[in-house]
Structure formats: C-alpha cells, structure tokens
Amino acid sequence: QVQLVESGGGLVQPGGSLRLSCAASRSIFSIYAMGWYRQPPGKQRVLVATITSSGSTNYANSVKGRFTVSRDNAKNTLYLQMNSLKPEDTAVYFCNAIVISGASQTTYWGQGTQVTVSS
C-alpha cells in the first residue's frame, strides 16, 4: 500500500506560481508511474501531468509550457511546479501512484489540495 499526502495548495493571483508536493509513505523508486490530476468545481477529474519511473513525462495540452512534474526518489516525493497560473487552473489537485505487482495493478490517490487562482 501507499499513502499519499498532497500539500502546497492555496490562493494565488493570476500569473503567479505554486509548487505542489505529494509525499508518499514508502519508497517511490519502483512505482510505475505517478501523476497529478485536478477537479474543477462541478466538473470531472482530469489528468494534468504524469511521470514514469524512468522519468518520462506527459502533460495535458492546457498546462504544457507552464507546469513541470518531477519526482525525488530520495525524498519519496512527487512535485508539480505551476507557473503563469490562470483562473481556469482553479481546482482541487490530486496526486496518484500506479503500483504494479506481478499481474495486478493498483492505483492510489491522495486526499487533494485546493488551488485557487484569483485576483
């Protein structure tokens, strides 16, 4: 099992920056993939960015060039650096981890952290 705890959310003005962190309860070195998703008010949860154990990344078109996902295996932590924030980035941000064990795959989620972009 993996427990995930997000932090770093808050209120920021348009054009500002935030860095989200997702601390895992165990080593993330062998976790197949980790990612960030977000859920705007009244909408479905959607992918923001993912990163595999080999370091390959993938981003939603809406955040390319503004957000950067990274992982620090030594600290068991996933990050999301968010720059040039826009009001439409307002959402609850969740991290997840996909663990593969043999033929099974399990996805774990954190509890989420609120990001509000407003003047």
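**Figure 1. Cys-22 and Cys-95, both buried, in the predicted model.** In this predicted model, Cys-22 and Cys-95 are both buried, and the two residues form a disulfide in which their sulfur atoms lie 2.0 Å apart. A disulfide is a covalent bond between the sulfur atoms of two cysteines. The pair links distant parts of the chain, since Cys-22 belongs to strand β3 (residues 18-24) and Cys-95 to strand β9 (residues 91-101), with their positions 73 residues apart in the sequence. The angle about the S-S bond is 45°, and the link of Cys-22 and Cys-95 is right-handed. The count for the model comes to one disulfide.

**Figure 2. Ile-31 in the loop between β3 and β4.** This view is centred on Ile-31, a residue of the loop that runs between β3 and β4. Is Ile-31 buried or exposed? Its relative accessibility is 0%, so Ile-31 counts as buried. When residues up to four places away in sequence are not counted, Ile-31 touches Val-2, Arg-26, Ser-53, Arg-71, Ala-97, Ile-98 and Val-99. For one of these partners, Ile-98, the C-alpha atom is separated from that of Ile-31 by 6.4 Å, although the two residues are 67 residues apart along the chain.

**Figure 3. Arg-45 in the loop between β4 and β5.** Arg-45 is found in the loop between β4 (33-39) and β5 (46-52), and with a relative accessible area of 34% it is partly exposed. Which residues does Arg-45 contact, leaving aside its neighbours within four places in sequence? They are Tyr-37, Arg-38, Gln-39, Phe-94 and Trp-109. Arg-45 can also be compared in position with Ala-91, which is 46 residues away from it in sequence, while their C-alpha atoms are 9.2 Å apart in space.

**Figure 4. Asn-76 and Ser-84, two loop residues with a positive phi.** Most residues other than glycine have a negative phi. Asn-76, however, has a phi near 55°, a positive value in a residue other than glycine, and it lies in the loop between β7 (67-72) and β8 (77-82). Ser-84, in the loop between β8 and β9, likewise has a positive phi, near 50°, and is a residue other than glycine. With a relative accessibility of 41%, Ser-84 counts as partly exposed.

**Figure 5. The whole chain as a setting for the close-up views.** The secondary structure of the chain comes to zero helices and eleven strands. The radius of gyration is 14 Å, close to the 14 Å that the globule rule gives for 119 residues, so the chain is as compact as a globular protein of that length. Taken along the principal axes, the C-alpha atoms fill a box of roughly 50 × 25 × 25 Å. Of the 119 residues in the chain, 45% are buried, and of the contacts with a separation of 6 or more, 55% are between residues 24 or more positions apart. The chain exposes about 6,200 Å², and carbon and sulfur atoms supply 48% of that area. The chain carries 10 positive and 4 negative charges, and the mean positions of these two groups are 4 Å apart.

Technical notes:
Residues numbered from 1 in each chain as written. Predicted model: local features only at pLDDT ≥ 70, side-chain atom pairs only at ≥ 80, totals over all residues. Heavy atoms only, no water. Helix = DSSP H or I, 4+ residues; strand = E, 2+ residues; numbered from the N terminus. Rg over C-alpha atoms; globule rule 2.2 N^0.38 Å. Buried < 20%, exposed > 50% of the residue type's maximum accessible area, 1.4 Å probe, protein only. Contact = heavy atoms within 4.5 Å. Areas by Shrake-Rupley, 256 points an atom, 1.4 Å probe, with all protein chains shown as cover. Lys, Arg positive; Asp, Glu negative; His and termini not counted. Charge placed at Lys NZ, Arg CZ, Asp CG, Glu CD. Disulfide = S-S within 2.5 Å.
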